[in-house]
Each structure stands twice: as structure tokens, then as C-alpha cells.
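Thanks for coming. I will take one structure and go through it from the overall layout down to single residues.

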Amino acid sequence: MSRLIVISNRVSRPSKSGNQGGLAVALSQALRESRGIWVGWSGEVTDNFTGHIGFAEDEGVKTATIDLEEQDVDEYYNGYANKTLWPLFHFRIDLAEYERDFEGGYNRVNHRFADTASPLIEPEDIIWVQDYHMIPLGQMLREKGHMNRMGFFLHIPWPPTRLLVSLPHHSKLVQTLFAYDVVGFHTEEWLESFRHYVEREMNGTVNGDFVTLGDRTIQAIACPIGINAQEFANAAVSDPAREMFEKVRRSLQDRSMIVGVDRLDYSKGLEERFSGYSRFLKDHPEQHRKVVLTQIAPPSRGEVESYQHIRATLDAVAGRINGEYSDVDWTPIRYVNQGYPRDKLAGIYRAARIGLVTPLRDGMNLVAKEYVAAQDPEDPGVLILSRFAGAAMQLKDALLINPYSPEEMSDAITRALAMPLDERKRRWRAMMDCVEEQDISWWRRRFTERLMAAQRYDEQTAQVETAH
């Protein structure tokens, strides 16, 4: 196969502890198979950007990283990526910040990534760019003369046209996607929003998977990401998972546990989740002392003000609910601001009667799939899932809810706690079949096969010139 060049904001080196995320595992496997290179930011800050590339190889995965200046991190990462694009693409236009310095830093850093990757690229390499941090990177590589097959995958939602047009220079940003050969989204909804924008705002045309703008035709596809289902299922019966399972069950004292596992982010609907659980406690006093909500929420992006606000808000809400309903030997919410290794997390999932996954908007949400994969087939828990998570398009046997409705969440918790074993097993089996069939390897193969079969950039350009 052709050599694969993966370019992303951060590079994930193989971990001997086995705690790499699913995406990192899948990309690492593909890089090993193709003798490829993973290019990205080291995570380190330097006083002056030099363009020096740090090369490394871990467990057969080659990486090439650069250090960024503090201004780069402020404007490109904390700024345009996480204060502008992230909230806008998650439908939170009220939180999006539009500053010229952010956009300038975003383009400057993408040029730096293009400068870094360019000398590493050979003519037959396949280039795969990951996520919203690097939307214009493909166009910058084309400007350097690279005609390689090149793909881009967006791991977050694509917003509706009426929201995207609020972004300054939105059409310029979208046009850069036409430098790629294949552009991927998690769901048909996000794909349809992209098509709608191209047709309505740019006078492009859509013909099945093919989207044309001027002289360029690309493939735009829905390709939902998965997890390594078998690996996660195995992790759930490992010794660390069993130890964590037993530890959790002992601490519950025969109570039922509801679990939520989310990065501390306003898109995850954590405040709404706490409100829904509070409504459940209000509606069902007979369930007091019988159930516990364990919310695991590692902090993220602490430099961004909106993330500081969400943490302060959740601290206050959790404190208020616990103050109102706690007893001397029962606390209704266990709110934990730390992460856990994947094997221990699998044990926590397995100990939970309910998995509560209620983002307000999410590209996919792999926690939902991890919860399913970790369950005991003979006594599975129940997944309660937001309709606005990409995973809801696949996991239709979850209890699907509107996360903005406390009453709907309360009703779903009540139904899940009372659900008979045979129904729990039937719903779990249907979801597990999907999680196993459309796993992380399926996602990678589906996208890269499309990309390898795509027409080279220079071949399409030559055809267009001949037609003219």
C-alpha cells in the first residue's frame, strides 16, 4: 500500500500502558502497515519558532513534531480553533469569539504545519489531515506543488448554513476543503449540512457523493468512527477492570449507579444532565438512597474562559443537589474531576446500571460505544443517549432523549431502572452488533479505501483543462 502521512494538531505516540484513545490506535496501526509518518504539534512551547522537526519512533510508529510559540497557541489553538470554530460548529454561536488575530494565527500555524510536512512527502504518499484545527492545510500543501491523494476528516459536527455564515470569511474557509480529494463526516446530517452550504452559498453542485465547486470535484462521505470493540470488551474483564468493578460495587452498597464520562466541556450537556437527575430525585422520592450518579469529568482547555465558567457552574449545581438530597450515608452525585485509565474505566462502565450520555451536540461520542462494549452480556446496563449525538444515528436501541428536557431525562432514568433483563439484553445485543461491525478499523478502511481509489489531483486538473 502507499505510505500514509497523517497530519493532526497533536501526535499520539504509542503507549505501553495501553491507554491510547481509539483514534490514535487506529491511526497508529495504519501508519505501521504503510511505514507512514504522523506529523503534528509536540504540545511544547518555544520562545521562537525555528521549524525544527523532532523525529521519533515508538513501537513502529514514526512521528515528526514541531514546537509552537506561545502566541501560536493563544491564537491558533485556544483562539480560532477552540474559541471560534469549536463553539460555532457545536451550534453555540453565543459563545463564539471572532477576532482577526485568531484567524491570522490559525492560518500562520497551518502554514507552519505545511512547511513542516512538505519535505517529508513523497509523490505516491497518501495524506490524511485530521479535524477542524487544520481545515486549510490541504490547500497550503497544494500551493507547494503536492499533487498527492489527500483526505480530510472532520471529527466534530458541521453546522447548518444559517450558523456557518456568521463566521467571517466562511466561504474562503470552506473553499479550502476542495483542495482535498475525499472529505469525511461522522453522520449523514453533518454531510447534508455541508452539501447545503456548498449549493446555497457557493453555487456548487451535488451528485451523490460527488460535490463540485468550479473546476474541482471532491467526494464528501458519511463515515462514522467506531472504537476497538473487542479490545474494550476484553479490557472490561481484565484484572484492573475487575478490581475497579468490585471497588465501585462495594462503595455503592447495593445501590444502582448511573455513570457519565465526559471531558469538561459545555457541549457535553453536563449542567442539563445534573438538572435532569435532580428532576428524577424530585419526581421519585422512593428512589432516594437507591441510586447514585457518578459523573467523571476531567477538566480541559483551562485557559479558555468559557471552560472555567462551566467548571464553576457544575461545582455549584452538584453542591446544591447534594445539599438538598444527601443523607449522612448517601450522596446522590459523585462528581469527579479526574480521568481514569481505559481498563479501569471499563470496570466503572460495567458496574453502572445506566450509562448517561447526553451531549447537547456531538460529532460522534465514543463514550456511548465504550459503555456498550464494556457490558456483561448476561446482565447488561441501559444506555440513555442524546438524540443530538452522532452515535444516536447508529445506536437506535438506546433510550434516545432530548437532553434539554429534564422531564424526558427523568422518565428515561425511571424506565431504565425498571427495564426487564430480557429487554436489556435485546437492546444491548443490537447495539453491540453495530459497535462490533462498524468499529475503528472499519472506519479507517472505509475512508482510506475511498481515498486510495480517488483520482489524483493533477489527473483531474488535466481532464478539466482538456475539456475546456
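Before anything else, a term: when I say that two residues touch or are in contact, I mean heavy atoms within 4.5 Å. Also, this is a predicted model.

With that cut-off, start at Ile401, in strand β16, residues 399-401. Leaving out residues up to four places away in sequence, Ile401 touches Thr358, Ile384, Leu385, Ser386, Arg387, Glu408, Met409 and Ala412. Is Ile401 buried or exposed? Ile401 is buried, at 2% relative accessibility. One of its partners, Ile384, is 17 residues away from Ile401 in sequence and 7.2 Å away in space, C-alpha to C-alpha.

Now the layout. The domain assignment of the protein chain gives domain 1, which is 4-226 + 442-458, and domain 2, which is 229-437. Taken over C-alpha atoms, the centres of domain 1 and domain 2 are separated by 31 Å. To the contact, domain 1 brings 27 residues and domain 2 brings 21 residues.

Next, the nonpolar cores. The largest has 92 residues. Which residues have the most contacts inside it? They are Phe274, Tyr277, Tyr349, Leu383, Ile384, Leu385 and Ile413. This core lies between domain 1 and domain 2, because both of them give residues to it. There is also a second, separate core, with 63 residues, Trp158, Leu164, Val198 and Met202 among them.

Take Ile413 from the largest core. Setting aside its neighbours within four places in sequence, Ile413 is in contact with Ile258, Tyr277, Phe280, Ile354 and Ile384. So much for single contacts; on to helix pairs.

The first pair I want to show is helix α10, residues 270-283, and helix α14, residues 406-418. Their axes come within 8 Å and cross at roughly 65 degrees. The crossing of α10 past α14 is right-handed. On the α10 side, the residues are Glu272, Arg273, Ser275, Gly276, Tyr277, Arg279, Phe280 and Asp283. On the α14 side, they are Pro406, Glu407, Met409, Ser410, Ile413, Thr414 and Leu417. By class, the residues of this contact are 6 nonpolar, 4 polar and 5 charged.

The other pair is α13 and helix α15, the latter at residues 421-437. Here the axes come within 9 Å and cross at roughly 115 degrees. This time α13 passes α15 in a left-handed crossing. From α13, the contact uses Lys369, Val372 and Ala373. From α15, it uses Trp428, Met431, Met432 and Val435. The classes in the contact of α13 with α15 are 6 nonpolar, no polar and 1 charged.

After α13 comes a loop, and two of its residues are worth a look. Gln375 lies in the loop between α13 and β15. Gln375 is buried, with a relative accessible area of 3%. Not counting residues up to four places away in sequence, Gln375 touches Tyr349, Arg350, Ala352, Pro380, Gly381 and Trp428. From Ala351, Gln375 is 24 residues away in sequence and 8.4 Å away in space, C-alpha to C-alpha.

Pro377 is in the loop between α13, residues 366-374, and β15, residues 382-386. With 35% relative accessibility, Pro377 counts as partly exposed. On the same basis of leaving out residues up to four places away, Pro377 touches Arg350, Lys425 and Trp428. For Pro377 and Pro119, the separation is 258 residues in sequence and 50 Å in space, C-alpha to C-alpha.

Last, backbone angles. Most residues other than glycine have a negative phi. Which way does phi go at Asp254, positive or negative? Asp254 is not a glycine, yet its phi is positive, about 70 degrees. Asp254 sits in the loop between α9, residues 239-252, and β11, residues 256-261. Asp254 is exposed, with a relative accessible area of 76%.

Arg289 also has a positive phi, of about 75 degrees, although it is not a glycine. Its place is in the loop between α10 and β12, the latter at 291-296. Arg289 is partly exposed, with a relative accessible area of 35%.

That is all I have; questions are welcome.

Definitions and conventions
Residues are numbered from 1 along each chain as its sequence is written. This is a predicted model: local features need pLDDT of at least 70, side-chain atom pairs count only at pLDDT 80 or more; totals for chains, interfaces and linings use all residues. Side-chain values use heavy atoms; hydrogens and water are left out. A nonpolar core is a set of buried Ala, Val, Leu, Ile, Met, Phe, Trp, Tyr and Cys residues joined through side-chain atoms within 4.5 Å. Buried means under 20% relative accessible area, exposed over 50%, partly exposed in between (1.4 Å probe, protein chains only). Domain bounds come from an automatic or database domain assignment. Axes are lines fitted to C-alpha atoms, for helices over the stretch in contact, and angles run from 0 to 180 degrees between N-to-C directions. Helices (H or I, at least four residues) and strands (E, at least two) are DSSP runs, numbered from the N terminus. A crossing is left-handed if the near helix is turned anticlockwise from the far one by less than a right angle, and right-handed if clockwise. Ala, Val, Leu, Ile, Met, Phe, Trp, Tyr, Cys and Pro count as nonpolar, Asp, Glu, Lys and Arg as charged, and the others, Gly among them, as polar.
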